[in-house]
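Subject: Structure handover

Hello,

Here is the structure I said I would pass on. Please open it and keep it beside this email as you read.

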2 protein chains.
Amino acid sequence: MVEALEKLVESLSRLPTIGKKSAWRLAIHLMERPREEVDTLAENLKNIKTSITICKECFNYSEQDICPICSSQSRDTGVLCIVEKPMDVFTFENAGRYKGLYHVLGGVLSPINGITAEKLHIRELLARIDRRKPCEVIIGLGAGADAETTSLYLARLLEKYDITITRLARGLPAGMELEYVDQLTLAQALNERTSIPYGEKTS
Amino acid sequence: MVEALEKLVESLSRLPTIGKKSAWRLAIHLMERPREEVDTLAENLKNIKTSITICKECFNYSEQDICPICSSQSRDTGVLCIVEKPMDVFTFENAGRYKGLYHVLGGVLSPINGITAEKLHIRELLARIDRRKPCEVIIGLGAGADAETTSLYLARLLEKYDITITRLARGLPAGMELEYVDQLTLAQALNERTSIPYGEKTS
């Protein structure tokens, strides 16, 4: 009907999680916003493709050769957290508890999809460990099948270094009621049960 | 961390239904798309603010003075459907069953928010009915309190014309199981119960 709107809807509905109806709602919302706001969004979109590159150290997105986290003076350089993708760095940073460095693998092993160890930034990880000698490496991958395999693969690979290798705990997610927990999660939560921190504040 | 990404996230999270986390996910998705695709989205955004205006006849968005629906030869000009906003025209068109014309009110009556009859395109609606003499006017507003009030107001206002005035049926939404239906909907569905179309195909 309205070609300019339909073109925008078409573009928006290519985005993940945005269906045709949401795209229409967004397009019509944008129609009703001041022109400057829409132009700012358009400019910000174009800028990501021109000004962002990959950090040479951790392979996260960055505007400089070395990203602000890798070059920061206030991070704990003794701890290195291996994550799958840039989004995961945001998730960690957003939680605000982690103060070490990251290493973005660029995926997880998935031989069926042709993703072998050579396609990930594993060689660079080993070189980085040799160079920086962290005292702990946290394998910060998810709990899917491929991620678990990759965690085991990395743990094996890092065995030879004299560093602590850890991975994220498995167990009940916060707020979960026991009756809704699946068997595998419950089994893992039981397996990795911990003592109750007596007298400590839980937060 | 990455300023260009953060600026985009900031812009995206101003959009309705898009929180900070979704905005990050979208921004990182866009980072990974080819440049042309991102530029097209940016261009399409800018275009809506430059090329779209309001149809002088029905007040829907349009690139021409008179929108394609109002100027179409294949629509049923004898039926006029009053809707609240442009999004609703999309919803009707998307369902694909309605072949008449529309009239976009630009809102519903809400005295508490200062939206009185003068702020809506009601005067233009009456002028249009005088001019075009449709045989049926469908009040196609939603089922919220303000929309119901507006429907009643319009029905009263249109009484004096020698035309059929209808509104959308109230009742069970498709696929709804009876046990989940709220009392008001059930009461309305009971009130407006219809005979079963015997021998007709249900679709």
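Let me start at one spot in a sheet. In chain A, A:I139 stands opposite A:R167, a residue of strand 6. These two residues belong to a longer pairing: strand 5 and strand 6 of chain A run in the parallel sense and share 4 bridges. Please bear in mind throughout that this is a predicted model.

**The sheet in chain A**

Strand 5 also pairs with strand 3. Strand 3 (residues 76-83) and strand 5 (residues 136-139) of chain A are parallel, again over 4 bridges. Two facing pairs help you find the place. A:V79 sits opposite A:E136 of strand 5. A:C81 sits opposite A:I138, also in strand 5 of chain A.

Now step back to the whole sheet. It is open, has 4 strands and follows the order 4-3-5-6 in chain A, with parallel pairing. Which strands are at the edges? They are strand 4 (100-104) and strand 6 (164-167) of chain A, each of which pairs on one side only. On average, neighbouring strands of this sheet are turned by 25° against each other, direction ignored.

**A residue to look at: A:L80**

A:L80 lies in strand 3 of chain A. Is A:L80 buried or exposed? A:L80 is buried, because 23 other C-beta atoms lie within 10 Å, and 20 are enough to count as buried. Beyond its neighbours within four places in sequence, A:L80 is in contact with A:G100, A:L101, A:H103, A:P134 and A:V137. A:N47 is another matter. A:N47 is 33 residues away from A:L80 along the chain, and their C-alpha atoms are separated by 30 Å.

**Helix 5 of chain A**

Look next at helix 5. Its buried residues in chain A are A:P86, A:D88, A:V89 and A:F90. What covers them? The cover includes strand 2, strand 3 and strand 4 of chain A, together with helix 2 (20-31) of chain B. After helix 5 of chain A comes A:G96, which has a positive phi, near 80°.

**Chain A as a whole**

Chain A has 8 helices and 6 strands. From the N terminus on, its elements run α-α-α-β-β-α-β-α-β-α-β-α-β-α. The C-alpha atoms fill a box of roughly 65 × 50 × 45 Å along the principal axes. The radius of gyration of chain A is 22 Å, whereas a compact globule of 203 residues would have one near 17 Å. Buried residues make up 30% of the 203 residues in chain A. Take the contacts in chain A with a separation of 6 or more: 44% of them are between residues 24 or more positions apart.

**Chain B**

Chain B has an open sheet too, with 4 strands in the order 4-3-5-6 and parallel pairing. Strand 4 (100-104) and strand 6 (164-167) of chain B are its edge strands, each pairing on one side only. The twist averages 25° from one strand to the next. Within this sheet, strand 3 (residues 76-83) and strand 4 of chain B pair in the parallel sense over 5 bridges. There, B:L80 stands opposite B:L101 of strand 4 in chain B.

**How the two chains meet**

How many residues of each chain are in contact with the other? The count is 44 residues of chain A and 44 residues of chain B. On chain A, the elements that give two or more residues to this side are helix 1 (3-12), helix 2 (20-31), helix 3 (35-51), strand 2 (61-62), helix 4 (68-71) and helix 5 (86-95). Helix 3 of chain A gives the largest share, 13 residues. By class, the side of chain A that touches chain B has 26 nonpolar, 9 polar and 9 charged residues.

The symmetry comes last. A rotation of 180° with 0.1 Å of shift along its axis superposes chain A on chain B, with an RMSD of 0.1 Å. The two copies are therefore related as by a two-fold rotation axis. To find that axis, go to A:A42: of the residues of chain A, A:A42 comes closest to it, at 2.1 Å (C-alpha). The interface fits this picture. 100% of the interface residues of chain A are also interface residues in chain B, so the copies meet through the same surface.

Best wishes

Technical notes. Residues are numbered from 1 along each chain as its sequence is written. Chains are lettered from A and ligands numbered from 1 in the order in which they are written. This is a predicted model: local features need pLDDT of at least 70, side-chain atom pairs count only at pLDDT 80 or more; totals for chains, interfaces and linings use all residues. Two residues are in contact if their C-beta atoms, placed from the backbone, lie within 7 Å. Ala, Val, Leu, Ile, Met, Phe, Trp, Tyr, Cys and Pro count as nonpolar, Asp, Glu, Lys and Arg as charged, and the others, Gly among them, as polar. Two strands pair if DSSP finds at least two bridges between them. Axes are lines fitted to C-alpha atoms, for helices over the stretch in contact, and angles run from 0 to 180 degrees between N-to-C directions. The radius of gyration is taken over C-alpha atoms; the globule rule is 2.2 Å times the number of residues to the power 0.38. A residue is buried if 20 or more other C-beta atoms lie within 10 Å of its own, exposed if 12 or fewer, and partly exposed in between; C-beta atoms are placed from the backbone. Copies are superposed by least squares on the C-alpha atoms of residues with pLDDT of at least 70 in both.
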